[in-house]
Amino acid sequence: MLEKLKGLSQKYAEIEYMLSQSEVWADAQKAAALSREKAELAPLMEAYARYETFRQEAESAEELLSDPEMKDLARETLSEARSGMERTAEELKILLLPKDPDDGKNVIVEIRGGVGGEESALFAADLFRMYEMYAERKGFSVEIVNRSETELGGIREIDFIVGGTNAFSRFRFESGVHRVQRVPETETQGRIHTSTCTVAVLPELEEAEFHLDPAELQIDTFRSSGAGGQKVNKTSSAIRVTHLPTGTVVECQDERSQYKNKDKAMKILRSKLYEKYQREQTKQDAAVSAQRRSQVGSGMRNERIRTYNFPQGRVTDHRIGLTLYKLDAVMNGDLDELIDALLTARRAEQLQNSENGGM
């Protein structure tokens, strides 16, 4: 680990030197890339500097142990320095864990009604509101791509893009089956029903990351429509893109501009096809497959990941066994406690795996 840190420290110094050169700033793209790399390495370098300070203090204290007059003070200093080294070493192990290259990207979220009919659609609308409010708390933007509503205000399905720094890292654990237990608005006997919705979370990809062959696409235009078939737009600005080899279909009708709808639809399609490609690769790789089935990391759609129990005012994340009695706050977008706990569990799992692998 220390050898790796020394190499990264040298790299950090080189980046700092390059950023001090005026010719580097003449290339805005290169300067921005170097600045991002420096920002990513900065927390690691700060922790490494603390570790080196503790290590030097420990070495100095060890030299003084043979001095009768300084022995007690040296022993106390050595104990504190070694404790500091241990704490900082654990911090460094976490900071050295491999970063997911998708974490910093925008995120595409799909919510679909599941079991429960109209109540499922109403819960899908509640989930969208929850994510929209959470995005607002984090300073993220939300762009609706496609939305299909019911006459009672529920959502059969909705696709939207959340934009902002590290948006994917905050939403990635939401993939899976969300279960709700409550008395539906449509229930006349006061009985508690159980319904579900599925959520899929995909990183937004650029054209350079996953190329779409125009010859494999069928693009159709149609008129946007709202709940109950009510016409929203008199022009054929809605777009349907079909990827012919896989049959994957994406619709976008939220914008009045056909061009904007097509652009959004292509972003969704690109991410969906990339996810399918990754799934196929996973099936062919037993080691990766085992990793994706891990407690926190997979988030596949057929997994029940969370239960929202309204009568008891609780929300339970089944992957980490966490129950919070703050359902109202969670439904109003206060998701950080849940997401931070999932991130911590994932890091602990990664750390254990890396140590087992002989880090």
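This report describes the fold, the aromatic contacts and a few individual residues of one protein chain.

The structure is a predicted model. The chain contains 10 helices and 11 strands. Of its 359 residues, 41% count as buried. The accessible surface comes to about 19,500 Å², and 47% of this belongs to carbon and sulfur atoms. Among contacts between residues at least 6 apart in sequence, 62% join residues at least 24 apart.

**The sheet**

Eight of the strands can be followed in one open sheet, whose order is β2-β3-β1-β5-β4-β9-β10-β11. The pairing in this sheet is mixed. Its edges are formed by β2 (141-149) and β11 (322-324), each of which pairs on one side only. On average, neighbouring strands of the sheet are turned by 15° against each other, direction ignored.

Within the sheet, strand β1 (residues 107-113) and strand β3 (residues 155-163) run antiparallel and are joined by 6 bridges. One residue pair can be named here: V107 has V162 as its bridge partner in β3.

**Aromatic pairs**

The count of aromatic pairs comes to 4. Two of them are set out below.

| Pair | Centre to centre | Angle between planes | Arrangement |
|---|---|---|---|
| F123 and Y308 | 5.4 Å | 65° | edge-to-face |
| Y131 and F171 | 5.7 Å | 55° | tilted |

The pair of F123 and Y308 links distant parts of the chain, with F123 in helix α5 (residues 117-138) and Y308 in strand β9 (residues 304-309), 185 residues apart. F123 counts as buried because its relative accessibility is 0%. Y308 is likewise at 0% relative accessibility and therefore counts as buried. Strand β9 is also a member of the open sheet, where β4 and β10 stand on either side of it in the order.

The pair of Y131 and F171 has planes at 55°, so it is tilted. This pair, too, links distant parts of the chain: Y131 lies in helix α5 and F171 in helix α6 (residues 167-171), 40 residues apart. Both Y131 and F171 are buried. Together with Y134, these two residues form one aromatic cluster.

**Charges over rings**

Aromatic rings also meet arginine side chains in this model. R182 lies over the face of F310, at 4.9 Å from the ring centre. R172 lies over the face of F173, at 6.0 Å from the ring centre.

**Two single residues**

Is T242 buried or exposed? With a relative accessible area of 13%, T242 is under the 20% limit and is therefore buried. T242 belongs to strand β7 (residues 238-243). Leaving aside neighbours within four places in sequence, T242 is in contact with E216, L217, Q218, T248 and V249.

E136 is placed in helix α5, the helix that also holds F123 and Y131. Whereas F123 is buried, E136 counts as exposed because its relative accessibility is 63%, over the 50% limit. The C-alpha atoms of E136 and V162 are separated by 9.9 Å, and the two residues are 26 apart along the chain. V162 is the residue in β3 that serves as bridge partner of V107.

Technical notes. Residues are numbered from 1 along each chain as its sequence is written. This is a predicted model: local features need pLDDT of at least 70, side-chain atom pairs count only at pLDDT 80 or more; totals for chains, interfaces and linings use all residues. Side-chain values use heavy atoms; hydrogens and water are left out. Two strands pair if DSSP finds at least two bridges between them. Helices (H or I, at least four residues) and strands (E, at least two) are DSSP runs, numbered from the N terminus. Axes are lines fitted to C-alpha atoms, for helices over the stretch in contact, and angles run from 0 to 180 degrees between N-to-C directions. Rings of Phe, Tyr and Trp (its six-membered ring) pair if their centres lie within 6.5 Å; planes under 30 degrees apart count as stacked, over 60 as edge-to-face and the rest as tilted. Buried means under 20% relative accessible area, exposed over 50%, partly exposed in between (1.4 Å probe, protein chains only). A charge sits over a ring if NZ of Lys or CZ of Arg is within 6 Å of the ring centre and within 35 degrees of the ring normal. Contact means heavy atoms within 4.5 Å. Accessible areas come from the Shrake-Rupley method with a 1.4 Å probe; for residues, only the protein chains shown count as cover.
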